[in-house]
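I opened my notebook to look through this structure from the chains inward. Here is what I looked up, in the order I looked.

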Amino acid sequence: MKRRSLGFSAIITGLLVWAGPMLAHHSFAAEYDSTKPVKVTGAVTRVDWMNPHAYFYIDVKDTASGRVQNWAFELAAPSVLQRQGWTRSTLKVGDVITVDGTRAKDGGNHGNARTVINAATGKKYGAGSSEGQAPAETTPQ
Amino acid sequence: MQSRWIAACLSVALLCLPAVSMAQARGGRGATPRPPSAPTPRWPDGHPLLSAPPGQIGYWDSGTGSLTGKNGNNLPTNMETSEVPFQPWAKALYEERQRTQSKNDPHARCAAPGGPRQFHTPFGLLIYELPEAKRVLILSGGGVRTWRVVYMDRRTHPQGDALNPGFLGHSVGHWEGDTLVIDTIGFNEKFWFVRAGFPHTEALHLTERISRPDFNTLKYEATVDDPRAYTRSWSGGWLINWHPGEDFEEYFCTDNNRDAEHLVGR
């Protein structure tokens, strides 16, 4: 019974975390560098539950210098996130989270989130990243 | 009264026709096998209904597809991008757009999507025919929530200075059997008419052919005629799946678009 419920939980978690290729209104490759993964932990300072992408901002403390920098992360559109288990109050100001994502090419403290883990609950959310989606007309020939 | 009659006709049609359609429409290489579908819903006079039947909701799951290539839901008859008959300047501009990873795509700055671009703008598409008004409305769930009017009253396009170039152009349509044929001219050059960034000019003349071979499938084809950008006319298209049981939610690209400042390309 316990094994069955664990299996069920794994499936549900997988569904929640699965990002899949989500369509964006812009080219992913023009904005983000797939060779530059970023993983940071910090407290949420702001959430914009808006289109075309939801955004959140977190304060990240550099362990070496002690300096705090504010990072912005792009998510999918709210309607896409809702299908992955999010609501507009999933992230709240003050929540401590760990973000796994891809850094922006312009070098700023800006990225595209792939997964978000809430430190307090341990719950992991897929962020609906459009990474890996090739523009439809440029499929290999 | 009319809607009750339509519902009755649709119910009879659904009962009398086979449970699954034998529609031949299939996507290209690697297309996901399409599940059995109910037959094409129809108006009382027999022509296809391109929206949800009475009592149902849903939308066309736009967002993918292209005029070239045979992958996924693209039509197996599509040409490859290497076969597109570009004028030299248009080929150079297309290649530049590819090289810079579409960083200058006006769609990412929330420009309205004309022609095929509307059919692969994410977040849904609805096509409503209004017989009393003699119009078809094509509504986008994403982008800047574009609504395009197709005049079905046999009017002709404005000529000369009366034609003001725009993002959506001037569209007139008619039915040829089960296919809605839309003829559009009068485009401006402020948008990319397909996601890939194939160039066009104000001379672009589009002929779009839209059909619903079964309940779950919309077949979209466009013929591109723009002698300033292409040496001859060319065509392509793709299939779009029906997304049942949901309406699309509010989405305006202009609400909080932060991307433009970060689009640096290669």
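These entries go from the two chains to their contact, then to the cores and a hairpin.

**Entry 1: the chains.** A reminder to myself before anything else: this is a predicted model. I started with chain A, which has three helices and six strands. Along the sequence I read the order as α-α-β-β-β-α-β-β-β. Of its 141 residues, 41% count as buried. Chain B came next, with three helices and nine strands. From the N terminus, I noted α-β-α-α-β-β-β-β-β-β-β-β for chain B. Here 42% of the 266 residues count as buried.

**Entry 2: contact range.** I looked up contacts between residues at least 6 apart in sequence. In chain A, 59% of these join residues at least 24 apart. For chain B the share is 61%.

**Entry 3: where the chains touch.** How many residues does each chain bring to the contact? I found 38 from chain B and 24 from chain A. I then sorted the chain B side by class: 20 polar, 10 nonpolar and eight charged residues touch chain A.

**Entry 4: the cores.** Which residues have the most contacts inside the largest nonpolar core? They are L75(A), V99(A) and I240(B), in a core of 43 residues. I noted the general background that nonpolar side chains tend to be buried together in soluble globular proteins. I followed I240(B) further, leaving out residues up to four places away in sequence. I240(B) touches W60(B), D61(B), S62(B), G65(B), F119(B), L218(B) and Y220(B). Apart from the largest core lies another of 23 residues, and I wrote down A90(B), F198(B), L206(B) and W234(B) as being among them.

**Entry 5: a hairpin in chain B.** I turned to strand 2 of chain B, residues 125–130. Which of its residues lie on the covered face, and which on the uncovered one? L125(B), I127(B) and E129(B) are on the covered face, while L126(B), Y128(B) and L130(B) are on the uncovered one. I recalled that side chains in a regular strand alternate between the two faces of the sheet.

Strand 2 of chain B pairs with strand 3 of chain B, residues 135–140, in the antiparallel sense, and I counted six bridges. L130(B) has R135(B) as its bridge partner in strand 3. The two strands form a hairpin with four residues between them. In that turn I looked up K134(B), and found a positive phi of about 55°.

Conventions: Residues are numbered from 1 along each chain as its sequence is written. Chains are lettered from A and ligands numbered from 1 in the order in which they are written. This is a predicted model: local features need pLDDT of at least 70, side-chain atom pairs count only at pLDDT 80 or more; totals for chains, interfaces and linings use all residues. A nonpolar core is a set of buried Ala, Val, Leu, Ile, Met, Phe, Trp, Tyr and Cys residues joined through C-beta atoms within 7 Å. A residue is buried if 20 or more other C-beta atoms lie within 10 Å of its own, exposed if 12 or fewer, and partly exposed in between; C-beta atoms are placed from the backbone. Two residues are in contact if their C-beta atoms, placed from the backbone, lie within 7 Å. Ala, Val, Leu, Ile, Met, Phe, Trp, Tyr, Cys and Pro count as nonpolar, Asp, Glu, Lys and Arg as charged, and the others, Gly among them, as polar. Two strands pair if DSSP finds at least two bridges between them.
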